[in-house]
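Take a look at the protein shown here. This report starts with one pair of facing residues and works outward from there.

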Amino acid sequence: MLSGSAAGAVSLATGLSAPAIAQNEPIKIGYLPALTGPSSSTGVGINRGVQLGVEAINNAGGVNGRKIELISRDTQSDPTKAVNAVAELTQRQKVAMIFGPVNSGEALAATPLIARDKVPMLHPCWVDELIDVKKYPMAYRIAPTNTQIGGGANHYVVDVLKLKKIAVVSDTTGYGTASVNTYVPMLKAKGADVVYTNHIDAANPDLKPELLRMQNAGAQVIMPWSVNAGFLSRICNTRGAMGWDVPIVGQTTLGSGQTKALLEKPEYWNKVYSNNFRQVCYINGKLLPKAADYVERLKKAKIEFSDTLLWWVALGWDSATLMAEIFKTAGTKNEDIVAYMNKVKDWPGIYGTVTWTPEQHNGFPDSEVVMCEVNSLKDGAFNVAPGYSS
């Protein structure tokens, strides 16, 4: 298994070199990021890590002498475009594996087709039903599930902040609606009173009527679920303009540089808490050594942080290096890839630890899901939230 550090990934890449067969055909990976469109903030960040990881591997000789070729198709945050790209990647390009889609809305549409074409799939999407070993036996998740994410946020609101009256909202994407539908019952099971819930068009320019309804319902906290930075910034701006001093707790894009850039006042980011991951957060003012080394590598590579998050970039890096490990050991036959992935245990990435079994293709540990304080943003990472306990 890889060391999980930046240095370890370079060592991996070096270990994969085999000049005697360097003339072999490249290993094709189908790649489905959302690089444009309303839900592109995640894809833009992940893409930086993927490209850097593939470059490091190829510069060191590739995988057993074979270069990795990313065949990238921008889904444009559109499920239809993701579906159209799947046919090209699986049937015409004959890719060895697909990484993505990186947003759940596109993945909900694309995953059944990738399964139909019997191509191994790795993705970072949270919606629970995207992993089902019977329906999608070649699909694996390198990320937490919606249930894990919601559990972390709900724990923080109900058990740490001690707030009971909650407004839960989302945009109208597949991810947003699935999140609300998952999290509201979880909150009620914890004894919370969900006083307001709705799915809102992310393009709606005026959210004040919605926030007034939340306020009039007695909400003590707003929990928004969306990867749309514009939508999330309008929630923060509207709350600030209203002078309504309630916390906002929710999805990681709340803390992105894109969201920050759209704030009308810096203080509108106060009392905003988002999901994040223990291995890439500041704990007692410091990153873990592995993450700190990776940040220095990114700075040397002139990777931009102002509009992204460290965990997005690290996830892309981890995904590229893990796929290289899989190809190095298992080759490129579907059945061999699946057999290998079913035995991955405690793989130590920068972003998170991964374990899969034949029965469980969700790989992320509960203990690494935390909440953070978004106004502490530095180099794409945050302090763990005040009072947070795992």
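## A strand and its neighbours

I166 stands opposite V221 in strand β8. This is a predicted model. Strand β6 covers residues 165–170, and β8 covers residues 221–225. Five bridges join β6 to β8, and the two strands run parallel.

Strand β6 is also joined to strand β7, residues 193–199. Here there are six bridges, and again the strands run parallel. One of the partners can be named: V169 has N198 in β7 as its bridge partner.

## Inside the fold

How many of the six residues of β6 are buried? Five of them are, so the strand is largely enclosed by the rest of the structure. To count as buried, a residue needs a relative accessible area under 20%.

A helix belongs to this region too. Helix α6 spans residues 174–189. Together, β6, α6 and β7 make a β-α-β unit, and this unit is right-handed.

## Aromatic pairs on helix α6

The structure holds 14 aromatic pairs. One of them is formed by W126 and Y175. Their ring centres are 6.2 Å apart, with 65° between the planes, and the pair is edge-to-face. W126 lies in the loop between β4 (121–123) and β5 (139–141), while Y175 lies in helix α6. The two residues sit 49 residues apart in sequence, so the pair ties together distant parts of the chain's numbering. Are these two residues buried or exposed? W126 is buried, with a relative accessible area of 4%. Y175 is buried as well, at 5%.

Y183 and W225 make another pair. This one is also edge-to-face, at 4.6 Å centre to centre and 65° between the planes. Y183 lies in helix α6 and W225 in strand β8, so this pair ties together parts that are 42 residues apart in sequence. Both Y183 and W225 are buried.

## An aromatic cluster

W126 and Y175 also belong to a wider group. Which other residues form one aromatic cluster with them? They are F277, W311, W312, Y351 and F364.

## A buried loop residue

T75 lies in the loop between β2 (68–72) and α3 (79–92). T75 is buried, with a relative accessible area of 1%. That value is under the 20% cut-off, so the term applies even though T75 is in a loop.

What does T75 touch, leaving aside residues up to four places away in sequence? The list is L32, P33, A34, K81, A82 and E106.

## The whole protein

Now step back. There are twelve helices and 14 strands in the protein. The radius of gyration is 20 Å, close to the 21 Å that the globule rule gives for 390 residues. The protein is therefore as compact as a globular protein of that length. Along its principal axes, the C-alpha trace spans about 70 × 40 × 35 Å.

Buried residues make up 57% of the 390 residues. Take the contacts with a separation of 6 or more: residues 24 or more positions apart account for 71% of these. On the outside, the protein exposes about 14500 Å². Carbon and sulfur atoms supply 50% of that area.

Technical notes
Residues numbered from 1 in each chain as written. Predicted model: local features only at pLDDT ≥ 70, side-chain atom pairs only at ≥ 80, totals over all residues. Heavy atoms only, no water. Buried < 20%, exposed > 50% of the residue type's maximum accessible area, 1.4 Å probe, protein only. Helix = DSSP H or I, 4+ residues; strand = E, 2+ residues; numbered from the N terminus. Pairing = 2+ DSSP bridges. Right-handed = clockwise from strand over helix to strand, strands pointing away. Phe/Tyr/Trp six-rings, centres within 6.5 Å; stacked < 30°, edge-to-face > 60°. Contact = heavy atoms within 4.5 Å. Rg over C-alpha atoms; globule rule 2.2 N^0.38 Å. Areas by Shrake-Rupley, 256 points an atom, 1.4 Å probe, with all protein chains shown as cover.
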